[in-house]
Amino acid sequence: MWFTKFYLGLSLRNRLFLGIGAAVVLNAIYCLIYRYASGNPATLFEAFSWGIINIAPWVAAFEIGRCLRRFSIVAVLFLVAGTASIALEAVLYIEWPATFDFVRRIPAALLVAIALGVLAYDRTRPAMKRVGSFGAAPESLNPDPSNYGCDWATSAGNYVEVHCIGKPLKLERSSLAQFISSAGPRLVRVHRRFAVCPQSVSRIERTNIVLVDGTRIPLGNRYRAQVIDGNSLVPSSQST
């Protein structure tokens, strides 16, 4: 789906901005319609404050948690999200939340924890059970990068997903850094989790690498100088 590809191609900061903004606005619209239909219209403050207090911290926790690998750090993230939610309620309503307000945050925390657990399982489950982006199982495990050309690669737990336009997904049991090293000049790292083939690049944008098939790969700030100033990629057209 084009929106999913667009959303995942955004930087973490932009995903936080878009995800939180969309969640709060949609919730406010629902709240206004529901309260109006029930005969007890809500004010704009009530409609938006509920989403800011109860949804925004957990959307942020989910997006940030997707980038983390250590359980202890994720646990701290949940504690920060819960504290932020309570603090926002105390500030917006100028009163300390009641005991029930602490309890009713548990379902949101559990939902985010389950979602992160599913993503973590998907990243680490046996590679041969994964399904490729074109509906076929991965061709092989531990392929030799010199035996095929790939358009882009991304880290996936203990594996590297190797994407070739028009071909099934390939998997390498390796870190992304090791895979790039073994692939030589065929791949250039453009993000903490992504690398691309220079010949597959259509253009370079401020925060993304756009491939010839339209795939958008995020461009990390720490790799921007290497990619643009160092001329590691030479696309057919380039906008900065």
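In this predicted model, strands β1 and β2 form a hairpin with two residues between them. G157 sits in the turn of this hairpin and has a positive phi of about 70°. The strands themselves, β1 spanning residues 152-156 and β2 following at residues 159-163, run antiparallel and are joined by five bridges. Within this pairing, T154 has E161 of β2 as its bridge partner.

Strand β2 also pairs with β3, which covers residues 170-172. Here three bridges join the two strands, and the direction is again antiparallel. E161 is worth following across the pairings, for this residue stands opposite L171 in β3 and is also the bridge partner of T154. The hairpin of β2 and β3 has six residues between the strands. A glycine with a positive phi is found in this hairpin as well: G166, with a value near 85°.

With β1 and β3 both joined to β2, it is natural to ask how covered β2 is. Five of the five residues of β2 are buried. The cover extends to both faces of the strand. On one side lie Y159, E161 and H163, and on the other V160 and V162, all of them buried. E161 thus appears among the buried residues of β2, while T154 is its bridge partner and L171 stands opposite.

Turning to the helices, α3 (residues 44-54) and α5 (residues 71-93) offer a packed pair to examine. Their axes come within 8 Å and cross at roughly 155°. Angles over 145° count as roughly antiparallel, and α3 and α5 are therefore roughly antiparallel to each other. On the α3 side, the contact is made by F45, E46, S49, I52, I53 and N54. The α5 side contributes S85, L88, E89, L92 and Y93. By class, this contact of α3 with α5 comprises six nonpolar, three polar and two charged residues.

For the protein as a whole, the secondary structure comes to nine helices and eight strands. Of its 240 residues, 40% count as buried, a group that includes the five residues of β2. About 13600 Å² of the protein is exposed, with carbon and sulfur atoms supplying 64% of that area. Looking at contacts between residues at least 6 apart in sequence, 52% join residues at least 24 apart.

Methods:
Residues numbered from 1 in each chain as written. Predicted model: local features only at pLDDT ≥ 70, side-chain atom pairs only at ≥ 80, totals over all residues. Heavy atoms only, no water. Axes fitted to C-alpha atoms, helices over the stretch in contact; angles between N-to-C directions. Helix = DSSP H or I, 4+ residues; strand = E, 2+ residues; numbered from the N terminus. Parallel < 35°, antiparallel > 145°, perpendicular 65-115°, else oblique. Contact = heavy atoms within 4.5 Å. Nonpolar A, V, L, I, M, F, W, Y, C, P; charged D, E, K, R; others polar. Buried < 20%, exposed > 50% of the residue type's maximum accessible area, 1.4 Å probe, protein only. Areas by Shrake-Rupley, 256 points an atom, 1.4 Å probe, with all protein chains shown as cover. Pairing = 2+ DSSP bridges.
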